[in-house]
Amino acid sequence: MERARIMGVINVTPDSFSDGGEFLDPDRAIAHGRELAAEGADVLDVGGESTRPGAEAVTAEEELVRVGPVVEALVHDGGPPISIDTSKLGVAEAALGAGATMLNDVTAMRAEPELAGLCAQRGCEVVLMHMLGVPRTMQEHPAYEDVVDDVKAFLASRIEFAVSEGIDEGRIWVDPGIGFGKTVEHNLELHRRLGELSELGRPIAFGSSRKSFIGKLTGADVDKRLGGTIASNVIAYANGASMLRVHDVAPMRQALAIAEAILTPRTRESAS
Ligand code: HH2
């Protein structure tokens, strides 16, 4: 099995669901990014707007004030590639201009379709994520015909849109959007049948770190969900995910090293 990338999360926000306020100060966010890089992150995902259920929107100006200096400093470091987690054209434009090389858009370019033209022109990588509805209301009775089929059909249509706007298909990632308009059972079904998304022909990104289904299943508070996060991500990896978006890079790196060794026998032989 191929080695998966680990995407380290840097939330430059006052209100993210698990670490809101911790890294709103740019110096702290930059220091955190450097730590995640040292722990082995393959990509650093910088975001300035929380997408947690019920979160209030921020303006592009405010979002850029938050993420701009962080992207600039981390690009300047020359460490892992930088992903910008935004749905806004102005923010993406500035971040890509500063040297970010990936756009991670939880709306899959529905909020601001002009993002597609920008990405086509810049040749950046793009993560297209599934979300049912909008963050403020997405957890109010989400319903699907079949959650995996529905997510897959949505992602297929967003790939088609992106390609029609000139984005190189080879630069597209798809993401089932764990927790974005999904019940616990929807999230579990997406884990079990993640492999079906491989039929889209694009690599799968996956983000379940510290999310509420782990709390609902275990009773663990948001700062105590590392065990559940590791289990979820290892299973996602085994079922085909090739980029794992997590807050805790070092323990994920270790878990993944073992998962990779078990699932890829030749890697172990050459290591011994
Ligand atoms: N989840 C969150 C944010 N961005 N991007 C992708 N591609 N996949 C995800 O699952 C995903 C994402 C939510 O997590 P977090 O950034 O920690 O929280 P918040 O949105 O409250 O800042």
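## Exercises on a predicted model

Thr13 sits in the loop that runs between strand S1 (5-11) and helix H1 (26-38); helices (H or I, at least four residues) and strands (E, at least two) are DSSP runs, numbered from the N terminus. The model is predicted, with local features needing pLDDT of at least 70, side-chain atom pairs counting only at pLDDT 80 or more, and totals for chains, interfaces and linings using all residues. Residues are numbered from 1 along each chain as its sequence is written, and side-chain values use heavy atoms, with hydrogens and water left out.

### Exercise 1

Determine whether Thr13 is buried or exposed, and describe its surroundings.

Step 1. The relative accessible area of Thr13 is 0%, so Thr13 is buried. Buried means under 20% relative accessible area, exposed over 50%, and partly exposed in between (1.4 Å probe, protein chains only).

Step 2. Beyond its neighbours within four places in sequence, Thr13 is in contact with several residues, including Gly20, Leu24, Glu49 and Arg66; contact means heavy atoms within 4.5 Å.

Step 3. The side chains of Thr13 and Ser16 form a polar contact at 2.6 Å. A polar contact is a pair of N or O atoms within 3.5 Å; within protein, one must be able to donate a hydrogen and the other to accept it, and residues adjacent in sequence count only if both atoms are side-chain atoms.

### Exercise 2

Characterise the ligand environment.

Step 1. Among the 17 residues around the ligand, the nearest are Ser16, Ser50, Thr51, Lys211 and His247; a residue is near a molecule if one of its heavy atoms lies within 4 Å of it.

Step 2. By class, this shell holds 5 nonpolar, 7 polar and 5 charged residues. Ala, Val, Leu, Ile, Met, Phe, Trp, Tyr, Cys and Pro count as nonpolar, Asp, Glu, Lys and Arg as charged, and the others, Gly among them, as polar.

Step 3. Oxygen atoms of the ligand have polar side-chain partners: an atom of Asn11 at 3.1 Å and an N or O atom of Arg245 at 2.8 Å. A nitrogen atom of the ligand lies 2.7 Å from a polar side-chain atom of Asn104.

Step 4. On its own the ligand has 480 Å² of accessible area, of which the protein covers 98%; accessible areas come from the Shrake-Rupley method with a 1.4 Å probe, and for residues only the protein chains shown count as cover.

### Exercise 3

Explain how the buried residues of helix H6 (residues 184-192) are arranged.

Step 1. The buried residues of H6 are His186, Asn187, Leu190 and His191.

Step 2. Viewed down the axis of H6, these residues fall within an arc of 140 degrees, so they line one face of the helix. The arc is that of the directions from the helix axis to the C-beta atoms.

Step 3. An α-helix has 3.6 residues a turn, so residues three or four places apart point the same way.

Step 4. The cover over the buried residues of H6 includes helix H5 (147-164), strand S7 (204-206), helix H7 (212-218) and helix H8 (226-238).

### Exercise 4

Examine the backbone at Ala108 and Arg210.

Step 1. Most residues other than glycine have a negative phi.

Step 2. Ala108, although not a glycine, has a positive phi of about 50 degrees. Ala108 lies in the loop between strand S4 (102-105) and helix H4 (114-122) and is buried at 0% relative accessible area.

Step 3. Arg210, likewise not a glycine, has a positive phi of about 60 degrees. Arg210 occupies the loop between S7 and H7 and is buried, with a relative accessible area of 15%.
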